[in-house]
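Trainee: I am new to this structure and would like to know how each label is earned, so may I ask for the value and the rule behind it each time?

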Amino acid sequence: MIALFGKMLRSFIILLLASIVITYAILIATDADFYAIKSDEIEVLKGVYQYYKEIYIEGAENRYSFPVWEHVESYFLRSLKLVIPAFLISMVGGVILGIFSFIYREKRIGRVWKVKEMLFGTIPDFFLFIAIQFGLILLMRMGFPKLDLYGHENWFNVVFPLTILTIAPTLYISNITFHSLLEDVKKDFVRTAAGKGTSDTKIIFTHLLWNSWGTVLSYSQTVMLFILTSLPVIEKLGFYKGAGNELIMSIKAGDTNLVIGFLLPFLLLMLTSIWLTDIVKFFLVPVDIENELESRTIARANQFRLLKGIFYFIKEFPYKHAYHLTVKWFRLYPALMIGSFLLGGLLFTAFIGPFLLEDTKLDSPKFIWIDGKPLFPPLAPGEYYLFGSDRAGRPMLNLLVLGAKETLTEVLVITLIRFCISIPLGYFASVHRGANGFLGLSNSVLSFLPTIILVILVGSIPSIQESHIRHGVLIVLIALLEVGRISEVFRQEFIKINKNDYINAAISAGSNGFQLVRHYYIPNLYQKVIFIFISDLGRVMFLLGGLGIMQVFLSQIFVLNPDTGSTYTVNLSFSWGTLLADAMLDIRDAPWISFFPAGCIALSILTFNLIGYGLKDFLEKRAHKKRFSESYNKGESSTSMISQNQPKALEVK
């Protein structure tokens, strides 16, 4: 019990520290007077205290001239109608689905369910929301009963976003439960129970599930972060007046009182989920279980030589052999092959597609003439534009093709920066106590708010917002905010490797750090690095899509409105996420404008996850085949040695 209170007290102290750091970022981003004194520590603390005093004690007002606390209460209670059921359904439903997948893992229904889980678990929730809304709008135009798709007053306004919010975290917990049960089924106590005649159901619920509670419950904070990350996006797309979207709008409007007013309830919500998890783990898992997470310099030849090489390659290519080899690999590794073909299509679209377009400057006319009459945009998909046009009359197909290269480049650069920092930091944290403490503290502080809110907060700081290098700064920022999570994964992996005897033997034999990395760490880690890297590409793509929906652009300029004297931001990018900036408006009368960019993001995430899953399957099968070959050769060699040692029989003439 003392250990439980100690963990709860530690979480509360980290909450206080996180609230100070995040409040400091809020005041710098939204208060010009505070930004001027940001380097004076005493004035900073006084300013933070004064804001909390005005909001929660003196009853400060927001930009609507309403008391802040009343505004926060009404919006936050609406969001709780989504967050609390989504969290409970995700945890309970995820465990149930995980058990179901485990029981039927060898049967056909289990394989079919695994495919569905992989598809729905990788498609971003905002794409599902837009696609379902698009489908319902088409059905209602065809005579389907009318449904109120927008607002927060009716039952459908709550059930629909709640369902979308629940899908991804439920499948996430299902996957965690399935792999935890699968790992424990190989242990000796399960074999002993099965040998005594214990039924499979009793083994699952009495032994396997009981030992998996620690692992499953450890991911409850991740589930809450999943929900809170998607909450502002879903609320905005559905015109749901909740705290998530209102918090983002307040940050962009510079309403400091309202931003700080929403901050404390969100932090307390995270703290409550952590405390509840600690209490449940204390009674279900008496022993503390430490979880180990699973985790152009090509020389240009002259044009003639290049064309000649292409000609001979096409002429001499073994098409028949390649066909049979492709069919064989499709049967053995379907996910890897499908993902590879999709990735090839994405790369072709990004690097070759722009050269195949007729209009790359996107200076299309504002209308087209049909039978002598002008037809104004946006134009629906049809014979004139395959994917329709946007509100400026630009073809959506051209926008998607021109934005593919920029989108994929941003995702790749962010992930590369993240891993170049995370792997060394994870190693130092595994061998150095100070680095381990820094990593744990940074992860604890940053885990109280979703990454999308932190990016919007820091991106709203005036010096970053008006900077000519804003694009690069935000790319580095997005990479750094998730460094702690990846570093923790590699810290666990380095600890596992350092516990092996061959590491101590190599150090005793005089191996230096470079030799250890080359001969021991890389062979044991490269598969994990590849798999996590590819999976993280999907996470970054999802985050960029969410930022686009919230109208947060990585590359932008400020334009002066001569009529009002105010300034507004203009997007300078064609990346797929930025094409979703007006999704809330487009989804009502021109849903194809947001549907196709969201579909491209969903297809990219699906591609990355298929390749990651396929590579994992390929490497596991290859390792199994190698172990089987080694054991077979060892058996053959021992048999030959025995036959050589036996006395030869006398020859009979």
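Mentor: Let us start with Arg539 and Asp536, which are separated by about one helical turn because they stand three residues apart in helix α24. Please keep in mind that this is a predicted model, in which local features need pLDDT of at least 70 and side-chain atom pairs count only at pLDDT 80 or more, while totals for chains, interfaces and linings use all residues. Residues are numbered from 1 along each chain as its sequence is written, and side-chain values use heavy atoms, with hydrogens and water left out.

Trainee: What makes Arg539 and Asp536 a salt bridge?

Mentor: The term requires a side-chain nitrogen of Lys or Arg within 4 Å of a carboxyl oxygen of Asp or Glu. For Arg539 and Asp536 the N to O distance is 3.8 Å, and the pair therefore meets the rule. By this rule the count comes to nine salt bridges.

Trainee: Which other residue does Asp536 meet in a salt bridge, and how distant are the two parts of the chain?

Mentor: Asp536 also meets Arg418, at 2.6 Å from N to O. This pair links distant parts of the chain, with Arg418 in helix α17 and Asp536 in helix α24 (residues 513-549), 118 residues apart. Helices here are DSSP runs of H or I with at least four residues, strands are runs of E with at least two, and both are numbered from the N terminus. Arg418, Asp536 and Arg539 are also linked with Glu482 and Arg485 in a network of salt bridges.

Trainee: Why is Arg418 called buried, and why does Arg539 count as partly exposed?

Mentor: A residue is buried under 20% relative accessible area, exposed over 50%, and partly exposed in between, with a 1.4 Å probe and protein chains only. Arg418 has 2%, so it is buried, and Asp536 counts as buried because its value is 1%. Arg539, at 38%, lies between the two limits and therefore counts as partly exposed.

Trainee: How do you know that Lys496 forms a salt bridge with Glu493?

Mentor: Their closest N and O atoms are 4.0 Å apart, which the rule accepts, so the pair is counted. Lys496 counts as partly exposed at 31% relative accessibility, whereas Glu493 is buried at 6%.

Trainee: How many aromatic pairs are there in the whole structure, and what makes two rings a pair?

Mentor: The search finds 18 aromatic pairs. Rings of Phe, Tyr and Trp (its six-membered ring) pair if their centres lie within 6.5 Å, and planes under 30 degrees apart count as stacked, over 60 as edge-to-face and the rest as tilted. Phe127 and Phe595 have 5.7 Å between centres and 35 degrees between planes, so the pair is tilted. Tyr427 and Phe494 have centres 5.3 Å apart and planes at 75 degrees, so that pair is edge-to-face. Tyr427 belongs to helix α17 (residues 396-431) and Phe494 to helix α22 (residues 483-498), so the pair ties together parts that are 67 residues apart in sequence.

Trainee: What is the basis for saying that Arg78 sits over the ring of Tyr75?

Mentor: A charge sits over a ring if NZ of Lys or CZ of Arg is within 6 Å of the ring centre and within 35 degrees of the ring normal. The charged end of Arg78 is 5.0 Å from the centre of the Tyr75 ring, and Lys616 lies over the face of Phe531 at 5.3 Å from the ring centre.

Trainee: What makes a nonpolar patch of Leu347, Phe348, Phe351, Ile352 and Leu356?

Mentor: Patches are made of residues with over 30% relative accessible area and no salt bridge; like charges are joined within 9 Å, and nonpolar side chains (Val, Leu, Ile, Met, Phe, Trp, Tyr) within 5 Å. Ile352 has 38%, so it passes the area limit. The patch covers about 480 Å², and its largest share, three residues, comes from helix α15 (residues 334-351).

Conventions
Accessible areas come from the Shrake-Rupley method with a 1.4 Å probe; for residues, only the protein chains shown count as cover.
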